[in-house]
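Open the structure in your viewer and keep the sequence panel at hand. The tour goes from the whole chain to single strands and residues.

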Amino acid sequence: MNILERRQYQRFNFSKHFDGLLMIKNNGQSIQLKLSDISEAGLGILFDRSIDAIIQEGAEIIQSELFINTVSQCTLNLTIETIRDYNATLHTKQCFAKASDEATSSALWEVIYKHHSPYAVIETESDKQATIVERIPGRGLYTEDARRERLEFIRTHTHTKLEKVAQNSFDPQKLSGNIEGFIGSVEVPVGIAGPLKINGQEARGIFYAPLATTEGALVASVVRGATAISRSGGATARVLAQRMMRVPFFVLSNMKTALLFSAWIREHFEEIYEQTKKYSNHAELIELYPQLIGKTVHVHFIYRTGDASGQNMTTTCTWNACMWILNKMKYFKNVHIEKFLIEGNLSNDKKVTFQSFIKGRGIRVISEVFIPEAVLNSVLKVSSKQLASSYLAGISGSIEAGMIGTNINIANVIAAIFTSTGQDIASVHESSIGHFHIEATSTGVYASMMLPSLVIGTVGGGTSLAQQKECLEMMDCYGPGKNRKFAEIIASFCLALDLSTNSAVSGGQFAGAHERLGRNRPVNHLKHADFTPEFICQLMRQTFDDTSIHVQTFEAIKDSNSENSIITQQTSGKINKLLGLFPCQLEYSTKEETICTEVMLKIKPKDTEIIHTVNAIGSLCEERLANELKKANGRMGFTSCHTRELEIYRQKDPRFIKYIPKIYGIYENEDREAYVVLMERLKNLVLMDSANDISGWTPEHIHTAIDGISDIHSIWYGKEDELKEKSWMGYYPTTERMMKFSRLWELLGVHMQTEFPEWISDVDLNRYRERVKKIPEWWGVIDSMPKTLIHNDFNPRNIAFRNTDSGLCLCAYDWELATIHLPQHDVCELLAFVLNQNVTREDLIHYAEYQRKALERACGIQLNKNDWWEGFRSCIWDLMVNRFVMYILAHTVKDYPFMFRAMNTLRQMIEIIVKG
């Protein structure tokens with residue numbers, strides 16, 4: 001093996017955690033040599049010049065011992081091949097000692113594998129020692145004392161606290177038939193899907209299903225499918241059959257006696273039936289047939305099991321019947337049964353098999369629906385042609401994969417309902433065999449879902465546990481006589497999910513809904529551990545320009561009431577990084593005093609992440625809308641929003657600082673995608689977070705808000721050209737840009753009516769569309785007037801009032817959507833949120849005039865009354881076209897209680913300005 005050959009082998013350098021030594025013998029003395037690297041070809045050795053006489057080119061090192069991390073590995077035969085100076089200061093050299101034989105090369109390879117292969121495990125001495133583990137205490141005992149004893153036992157042996165697992169609401173004495181070794185419970189979130197209209201034989205009416213799952217988007221997808229089915233008149237469902245089986249097997253001496261045995265079984269059905277009846281009031285033997293395989297006979301016991309799933313009761317019945325059969329066989333001298341087992345794996349218990357698909361196991365149930373084209377378009381966002389085409393593609397894939405039946409993801413619904421209702425979770429496997437069918441017609445699609453082996457029960461098992469019982473009761477499916485109804489409900493919800501998922505796939509929404517923001521580089525995102533007192537101290541010193549500041553403590557406060565802005569709220573669920581609002585306790589000192597206060601840490605998403613989220617929401621709505629949103633690429637106010645708010649909070653103008661939270665620090669790090677504001681935690685403010693309840697708002701509050709925002713507007717009023725030069729301003733609106741997105745505005749309006757027809761009538765939509773066409777007219781009015789920096793989210797979600805010595809004072813926060821616009825826009829938005837639908841023309845004129853005079857005072861200028869009113873009217877239209885449609889897009893995926901009231905108020909405001 002020459003030097004060049006070493007290049008073909010992977011070399012590993014030794015380091016602190018992978019240390020290598022070579023022990024050699026010289027004249028009876030042991031010498032330790034430090035190693036630099038290792039490969040299958042040989043070793044890199046570091047040595048002192050004092051042993052030059054030993055380490056020479058061509059020298060052979062026989063039976064040297066290799067140590068890795070002080071542990072002996074093997075003996076090696078090596079030949080010194082090359083020597084070079086390594087460190088002149090330390091008088092060290094380096095040589096390469098190549099493997100002298102195949103045994104050494106193999107030993108080196110094994111050492112490398114042992115330490116660097118992903119499949120290898122390094123054994124330790126403790127692994128070789130036999131350890132006797134204590135048995136779990138309290139076996140067979142169902143008492144609280146036994147549970148606690150087991151808990152302490154497992155805590156001791158696993159060094160885990162298990163504080164949450166220990167919490168449970170179960171009575172141990174009632175769990176003897178459900179679990180052994182009971183120590184506690186784990187919670188699974190339960191969501192509600194529906195309403196779903198079902199026209200079944202047993203399930204008739206509107207139903208809601210409890211889905212226990214941790215898979216995001218599942219419940220929402222089921223709800224969408226259920227909505228489509230319900231708007232189409234409901235699903236028709238029927239139970240076709242019920243059968244539960246146990247298949248024992250008997251091994252006889254030869255095929256001749258096996259045939260005799262099989263014939264005897266077939267001719268004694270009545271007697272065997274009577275034997276099974278002795279051991280259950282619910283299991284009824286309906287079929288019995290032997291299946292011969294050589295000298296082995298598998299006897300199929302087929303039962304109806306009423307309202308129980310029946311695996312256990314059929315086992316008991318079959319076992320006792322088989323004992324009776326074996327006893328009868330004693331009278332046949334030529335029949336010798338060599339072996340009997342209660343189950344030969346032919347009953348398909350908890351397995352996916354063609355037998356279950358063809359013959360059924362548990363309940364066979366089917367649900368169907370016809371969905372008109374209009375419902376497909378409005379709810380599922382696809383055409384019948386698209387849906388059928390996607391389905392056929394899926395059939396082809398199912399055949400290629402060898403799937404038993406064909407469905408998309410019904411296991412999600414079945415697992416979620418099984419978990420919430422106390423079913424045998426392992427039976428999800430066989431119960432999720434399904435056959436989903438779609439065919440297009442001239443007016444829509446026909447769809448059906450057949451479940452041939454749904455193993456469920458409404459009595460027995462875990463159905464009587466308190467929480468599981470409640471979930472069954474929610475569907476009126478607890479107790480005797482409810483099993484067939486339960487099956488019809490499950491099949492119909494499975495149909496809803498597959499319709500929704502198939503629509504998402506064919507409409508392009510599936511990928512969009514599950515898409516994650518792609519990155520071309522690893523990013524060290526912020527973590528909670530980054531926010532140390534030292535880090536906070538640095539931020540505060542920069543903000544206050546005060547090096548005397550020292551931070552003593554900075555600790556998180558547990559608080560579930562901190563609500564994020566809409567865009568952060570929507571984004572944080574889709575981006576795997578630390579985002580949102582985090583209340584903290586801050587203690588710091590200056591030269592004069594020590595201060596202990598509560599602050600809010602706001603960690604913002606990037607604009608690209610927000611745009612990605614908006615596009616993902618659009619993909620769940622409608623393909624054309626999704627495409628237009630992607631074309632817009634966030635240029636509706638989202639570009640640069642992550643840096644914009646930071647820059648706005650950096651302003652030092654007293655007219656701004658007076659009306660915002662106190663800012664303690666701002667941190668921006670592009671490499672870490674970190675955009676952070678540390679601000680005062682707002683507490684005890686008047687009308688804070690009052691968007692959902694405006695009963696406390698009075699004209700005094702509205703006037704105070706207008707006074708405050710007018711002061712802020714005065715800072716930049718008429719200086720829009722200067723604002724436009726700011727790199728953080730992003731994509732502000734203009735007439736030309738609004739026209740460019742006309743198609744987007746139109747489709748957002750269509751989406752608004754499609755999703756919420758009770759809010760938007762055909763008249764409203766036509767008026768909206770007409771206004772989109774006339775953007776050049778009314779946005780031309782906006783463009784002709786002086787503008788300023790506006791809040792652009794000026795409503796009770798983001799504003800409140802401080803009580804000061806001089807009275808109420810506005811406090812405005814969440815400036816991420818701030819833009820260049822008419823100052824009237826902020827007030828129009830405020831009025832839409834805080835007035836009710838009985839708003840009058842006089843109200844609008846009053847508040848428009850109040851704002852005009854407030855801005856005149858703040859700027860020291862005169863503003864034309866008529867021009868101001870025209871600008872006010874145009875801002876109401878812009879609020880509808882450019883703001884509320886985006887609110888409603890967000891409302892599609894998350895319920896915002898204020899939306900209906902604010903929408904009605906805005907509609908009335910539009911009625912007023914339409915009249916002049």
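The stops below begin with the whole chain and then move to selections.

**Whole chain**

Keep in mind throughout that this is a predicted model. Show the full chain as a cartoon: its secondary structure comes to 32 helices and 26 strands. Switch to the C-alpha trace and turn it along the principal axes, where it spans about 115 × 95 × 60 Å. The radius of gyration is 38 Å, whereas a compact globule of 916 residues would have one near 29 Å.

Next, colour by accessibility. Of the 916 residues in the chain, 54% are buried. Add a surface: the chain exposes about 42500 Å², and carbon and sulfur atoms supply 50% of that area. For contacts, count those with a separation of 6 or more; residues 24 or more positions apart account for 72% of them. Then colour by charge. The chain has 99 positive and 107 negative charges, and their mean positions are 4 Å apart.

**Strand β7 and its two partners**

Select residues 92–99, which form strand β7. How many of the eight residues of this strand are buried? Eight of the eight are, so β7 is largely enclosed by the rest of the structure.

Add residues 42–48, strand β4, which pairs with β7 in the antiparallel sense over seven bridges. To find the register, pick Ile45, whose bridge partner in β7 is Cys95.

Now add residues 71–87, strand β6. The pairing of β6 with β7 is also antiparallel and has eight bridges. Here the register can be read from Arg84, with Gln94 as its bridge partner in β7. Follow the chain from β6 into β7: this is a hairpin with four residues between the strands. Stop at His91 in this hairpin, which takes a positive phi near 55°.

When side chains are switched on, a general point helps: in a regular strand they alternate between the two faces of the sheet.

**Strand β15 and its two partners**

Hide the previous selection and choose residues 362–372, strand β15, together with residues 235–246, strand β10. These strands run antiparallel and are joined by seven bridges. Label Ala237 and look across to β15, where Ser367 stands opposite.

Bring in residues 444–454, strand β17, which runs antiparallel to β15 and is joined to it by nine bridges. Which residue of β17 is the bridge partner of Ile371? It is Val445.

**Thr257 in helix α6**

Select residues 255–267, helix α6, and centre on Thr257 within this helix. Is Thr257 buried or exposed? Its relative accessibility is 7%, and buried means under 20%, so Thr257 counts as buried. Show its surroundings: leaving out residues up to four places away in sequence, Thr257 touches Leu252, Asn334 and Val335.

**Met785 in a loop**

For the last stop, find the loop between α28 (775–783) and β23 (788–790) and select Met785 there. Met785 counts as buried because its relative accessibility is 12%. Which residues does Met785 touch, not counting those up to four places away in sequence? They are Glu720, Leu822, Asp867, Glu870 and Gly871. Finally, draw a C-alpha to C-alpha distance from Met785 to His821: it is 9.3 Å, with their positions 36 residues apart in sequence numbering.

Methods:
Residues are numbered from 1 along each chain as its sequence is written. This is a predicted model: local features need pLDDT of at least 70, side-chain atom pairs count only at pLDDT 80 or more; totals for chains, interfaces and linings use all residues. Side-chain values use heavy atoms; hydrogens and water are left out. Helices (H or I, at least four residues) and strands (E, at least two) are DSSP runs, numbered from the N terminus. The radius of gyration is taken over C-alpha atoms; the globule rule is 2.2 Å times the number of residues to the power 0.38. Buried means under 20% relative accessible area, exposed over 50%, partly exposed in between (1.4 Å probe, protein chains only). Contact means heavy atoms within 4.5 Å. Accessible areas come from the Shrake-Rupley method with a 1.4 Å probe; for residues, only the protein chains shown count as cover. Lys and Arg count as positive and Asp and Glu as negative; His and the chain ends are not counted. The place of a charge is taken as NZ of Lys, CZ of Arg, CG of Asp or CD of Glu. Two strands pair if DSSP finds at least two bridges between them.
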